[in-house]
Each structure stands twice: as C-alpha cells, then as structure tokens.
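Trainee: I am new to this structure and should like to understand the terms used for it. Please set each value against its definition as we proceed.

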Amino acid sequence: RFAATPRPKRGSSVETGARLRYEFGHDSFSANVRYVELRFAPQLHCSPDDPAFDVISVLAAVSAGLTRARDEFNKTKTPDEAAYEFGVVGCAMRLFFPGMSRYYD
C-alpha cells in the first residue's frame, strides 16, 4: 500500500522538503487545481541523517513550501480566478516495524 508513496532521499532536509512541496503547489496550480490537501504520515519522512528534521520540522517544511506557492500564485491571479489554498492532514501511525522508515530502523 505504501509502495507508491515517494520516500525522501537520504539527506533530506527542511529546505528540500519545502522546495518539494513548493514544486507540488506549482504543479497543481499549473494544472488549474485551486485547492489541495496533502495527507501523509510525517514520521515516515523524518531524516535519520539530520536529527533536527523531526516530525515538527517535516510539517513546517510542508507548510512553508505550500504557503510560498499559495502566496506567489494568489498575487498573480486575476480577479475572476479562485484563490489557491491548501490543507495539510497529518496521519498518526500507531505501529512501526523495521523497514517502515529509516528513521525508526
């Protein structure tokens, strides 16, 4: 079930996470999508290489990237276009097994 979920590359950071979510926002806006909700388990994206990249940092990076995209696109929209907005749904996972995330291995 999680095989199709993109996993961050080793060495992921807050900056990389924010950039990737900005690019996601850009792609969705370019496809005429004006509202997105990202639903994911932030603990699966924590980086064992960077202890500062914890669950809170992952959520902050997602929000920062999407906020940047939202603000940029809403400045350029025409008055008759819908504003670009987003939501973030963090999923809490109760069980962890080896292999689910490098952070927990």
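Mentor: Two strands pair if DSSP finds at least two bridges between them. Helices (H or I, at least four residues) and strands (E, at least two) are themselves DSSP runs, numbered from the N terminus. This is a predicted model, in which local features need pLDDT of at least 70 and side-chain atom pairs count only at pLDDT 80 or more, while totals for chains, interfaces and linings use all residues. Residues are numbered from 1 along each chain as its sequence is written, and side-chain values use heavy atoms, with hydrogens and water left out.

Trainee: Which elements does the chain have, and in what pattern do they follow one another?

Mentor: The chain has two helices and two strands. Along the sequence they follow the pattern α-β-α-β.

Trainee: What makes S1 and S2 a pair, and how do they run?

Mentor: Six bridges join S1 to S2 (residues 85-90), and the definition asks for at least two. The two strands run parallel. Among the bridge partners, Gly 87 of S2 belongs to Glu 37, and Glu 85 of S2 to Tyr 35.

Trainee: What is the hand of the crossover from S1 through H2 to S2?

Mentor: This β-α-β crossover is right-handed. The term applies if, with the strands pointing away from the viewer, the path from the first strand over the helix to the second runs clockwise.

Trainee: Why is Cys 46 called buried or exposed?

Mentor: A residue is buried under 20% relative accessible area, exposed over 50%, and partly exposed in between (1.4 Å probe, protein chains only). Cys 46 has 3% relative accessibility, so it counts as buried. Cys 46 sits in the loop between S1 and H2. Its C-alpha is 10.0 Å from that of Leu 59, the two being 13 residues apart in sequence.

Trainee: In which class does Lys 77 fall, and why?

Mentor: Lys 77 has 26% relative accessibility and therefore counts as partly exposed. Lys 77 lies in the loop between H2 and S2. Leaving aside residues up to four places away in sequence, it touches Ala 82 and Ala 83 (a contact means heavy atoms within 4.5 Å).

Trainee: And why is Asn 32 placed in its class?

Mentor: Asn 32 is exposed because its relative accessible area is 60%. Asn 32 lies in the loop between H1 and S1, and it has a positive phi of about 65° although it is not a glycine.

Trainee: How do you know that the length of H1 agrees with what is expected of a helix?

Mentor: The expected span is 1.5 Å times one less than the number of residues. For the 17 residues of H1 (residues 14-30) this gives 24 Å, and the end C-alpha atoms are 24 Å apart, so the two agree.

Trainee: Which residues of H1 are buried, and what covers them?

Mentor: They are Gly 17, Ala 18, Arg 21, Tyr 22, Gly 25, Ser 28 and Phe 29. These buried residues cover an arc of only 135° around the axis, which puts them on the same side of H1; the arc is that of the directions from the helix axis to the C-beta atoms. Their cover includes S1 (35-40) and H2 (55-76). On the face turned away, H1 carries the exposed residues Glu 15, Asp 27 and Ser 30.

Trainee: Which residues are buried in H2, and against what do they pack?

Mentor: Ser 57, Val 58, Ala 61, Val 62, Gly 65, Leu 66, Ala 69 and Phe 73 are buried in H2. They are on the same side of H2, because their arc around the axis is only 160°. The buried residues of H2 pack against H1, S1 and S2. The opposite face of H2 carries the exposed residues Ile 56 and Lys 75.

Trainee: Which residues of S1 lie on its covered face, and which on its uncovered one?

Mentor: Val 36, Leu 38 and Phe 40 form the covered face, and Tyr 35, Glu 37 and Arg 39 the uncovered one. In a regular strand the side chains alternate between the two faces of the sheet.

Trainee: How confident is the prediction across the chain?

Mentor: pLDDT is the predictor's confidence in each residue, from 0 to 100. The chain averages 82, and 82% of the residues score at least 70. Over residues 1-5 pLDDT stays under 50, and the model has two contacts for them beyond four places in sequence.
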